[in-house]
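Thanks for sending this one over. Below are a few notes from my read-through, set out as numbered points so that you can reply to each in turn.

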Amino acid sequence: HAHHTTKQFAICIEGDIDVILHKDRYLAPVTHTLKKGDSLYIPKLVWDEQYYKTKNSKLLVLCSTKYDKDDYIDSLEDFFDIREEYDINNTNY
C-alpha cells in the first residue's frame with residue numbers, strides 16, 4: 001500500500017523483515033532487510049510491502065498523521081498512475 005500524505009518510520013523490533021519500496025512503474029523496487037533495531041523512513045507516495053521472514057518478526061510503524069482510510073492507496077496500478085500525475089505537477093517534494 002501507499003499513502004497520499006502520511007510519512008512513516010518503520011522500526012524492526014524483533015526478527016527479520018523485508019520492506020520492499022516502489023517509487024514508480026519504471027524503476028525496479030528496492031528491498032531493505034530490517035533486523036532487530038533497524039529502521040527505515042518511508043515518505044508519502046512510496047509503495048511499501050512487508051514480508052516477515054521469521055515467525056517472531058514484529059514491526060513498529062510511526063506515522064505522521066492519524067488514521068484516515070482515504071489516505072490509503074490499495075492498488076499498485078492506481079499508485080503508479082497517481083505517482084506519475086504527482087511527479088508531473090510537483091518537481092520539488
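The points below go through the two sheets, the helix, the aromatic residues and two individual residues.

1. A reminder before we start: this is a predicted model, so please read every value below as computed from that model.

2. Let's begin with the sheet ordered 4-3-6, an open sheet of three strands with antiparallel pairing. Its edges are strand 4 (30-35) and strand 6, and because each has a single partner strand, one side of each is left without a neighbour in the sheet. Direction ignored, neighbouring strands here are turned by 20° against each other on average. Strand 3 and strand 4 are joined in the antiparallel sense by six bridges. If you want a residue pair to find this pairing on screen, take Ile17, whose bridge partner in strand 4 is Leu34.

3. The model also has an open sheet of three strands in the order 5-2-7, again with antiparallel pairing. Strand 5 and strand 7 (58-63) are the edge strands here, each pairing on one side only. The average turn between neighbouring strands of this sheet is 20°, direction ignored.

4. How many bridges join strand 2 to strand 7? There are six, in the antiparallel sense, and Gln8 has Cys63 as its bridge partner in strand 7. Strand 2 (residues 8-14) also pairs with strand 5, antiparallel over four bridges. In that pairing, Phe9 stands opposite Tyr41 of strand 5.

5. Strand 5 (residues 39-42) deserves a look from both sides. Leu40 and Ile42 make up its covered face, while Ser39 and Tyr41 make up the uncovered one. This fits the textbook picture: in a regular strand the side chains alternate between the two faces of the sheet.

6. Now to helix 1, which runs over residues 76-89. Its 14 residues reach 20 Å from the first C-alpha to the last, close to the 20 Å expected at 1.5 Å a residue. Which of its residues are buried? They are Phe79, Phe80, Arg83 and Tyr86. These residues cover an arc of only 130° around the axis, which puts them on the same side of helix 1. As general background, an α-helix has 3.6 residues a turn, so residues three or four places apart point the same way.

7. What does that buried side of helix 1 pack against? The partners are strand 1 (2-3), strand 3 (16-22), strand 6 (47-52) and strand 8 (72-73). On the face turned away from the buried side, helix 1 carries the exposed residues Ile88 and Asn89.

8. On aromatics, a search of the whole structure gives three pairs. One of them joins Tyr67 and Tyr72, a tilted pair at 5.8 Å centre to centre with 55° between the planes. The rings of Phe79 and Phe80 have centres 5.6 Å apart and planes at 50°, so this pair is tilted too. Phe79 and Phe80 are both buried, and together with Trp47 they form one aromatic cluster.

9. Is Tyr67 buried or exposed? With a relative accessibility of 66%, Tyr67 counts as exposed, because the cut-off for that class is over 50%. Tyr72 has 31% relative accessibility and therefore counts as partly exposed.

10. Tyr72 is worth following a little further. This residue lies in strand 8, and beyond four places in sequence Tyr72 touches His1, Ala2, His3, His4 and Tyr67. The C-alpha atoms of Tyr72 and His1 are separated by 6.8 Å, although the two residues are 71 residues apart along the chain.

11. A last stop is Thr31, which lies in strand 4. Thr31 is partly exposed, with a relative accessible area of 45%. Leaving out residues up to four places away in sequence, Thr31 touches Asp18, Val19 and Ile20. Between Thr31 and Gln50, 19 residues apart along the chain, the C-alpha separation is 9.5 Å.

How values were computed. Residues numbered from 1 in each chain as written. Predicted model: local features only at pLDDT ≥ 70, side-chain atom pairs only at ≥ 80, totals over all residues. Heavy atoms only, no water. Helix = DSSP H or I, 4+ residues; strand = E, 2+ residues; numbered from the N terminus. Expected span 1.5 Å × (residues − 1). Buried < 20%, exposed > 50% of the residue type's maximum accessible area, 1.4 Å probe, protein only. Arc of directions from axis to C-beta. Contact = heavy atoms within 4.5 Å. Pairing = 2+ DSSP bridges. Phe/Tyr/Trp six-rings, centres within 6.5 Å; stacked < 30°, edge-to-face > 60°. Axes fitted to C-alpha atoms, helices over the stretch in contact; angles between N-to-C directions.
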